[in-house]
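Please read the following report alongside the sequence and the model. The text moves from the overall fold to one part of the surface.

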Amino acid sequence: MVNVKQLKRDIQQAARAALVKTAVDLRDDLVQSGTMPFESGRLQNAATYVDVGGLRAGRAAVVSDMVYARRKYFHPEFNFDRSINRNAGGRWFDAYVTGGKRGFAPRRFKENWGR
């Protein structure tokens, strides 16, 4: 006999694991795409991380947590140094929301769910 409660917990646990892996994949793809401003590398490498605080509610977030991150993100008109990240600019998450990579997260979640 199938324990329905245990099955439900197992499914929720697998979904959360797939969600976290998807957020990590998105963060890694973001870094590899070279779209974030890069001066010392701190914003991209240390201050952009996966926040799993909302995981029980089915949420994970990729956060860029630096004092100047908001200013850089919302002002793509800045003259960004592109010597290290050739595609550096503002609004670096837009590609995943409305741009060419908008299917990235759903596709990755489906792949991660199947593992």
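The report below covers the fold, the overall dimensions and a nonpolar surface patch.

This is a predicted model, in which local features need pLDDT of at least 70 and side-chain atom pairs count only at pLDDT 80 or more, while totals for chains, interfaces and linings use all residues. Residues are numbered from 1 along each chain as its sequence is written, and side-chain values use heavy atoms, with hydrogens and water left out.

The protein contains five helices and two strands, where helices (H or I, at least four residues) and strands (E, at least two) are DSSP runs numbered from the N terminus. Their order along the sequence is α-α-β-β-α-α-α. With a radius of gyration of 17 Å, well over the 13 Å that the globule rule gives for 115 residues, the protein is more spread out than a compact globule; the radius is taken over C-alpha atoms, and the rule is 2.2 Å times the number of residues to the power 0.38.

| Property of the protein | Value |
|---|---|
| Span of the C-alpha trace along its principal axes | about 65 × 25 × 20 Å |
| Exposed area | about 7,800 Å² |

Accessible areas come from the Shrake-Rupley method with a 1.4 Å probe, and for residues only the protein chains shown count as cover. Carbon and sulfur atoms supply 53% of the exposed area.

V2, V4, L7, I11 and W113 make a nonpolar surface patch of about 490 Å²; patch residues have over 30% relative accessible area and no salt bridge (a side-chain nitrogen of Lys or Arg within 4 Å of a carboxyl oxygen of Asp or Glu), like charges being joined within 9 Å and nonpolar side chains (Val, Leu, Ile, Met, Phe, Trp, Tyr) within 5 Å. Helix α1 (residues 4-33) gives the largest share of the patch, three residues, whereas V2 lies in the segment before α1.
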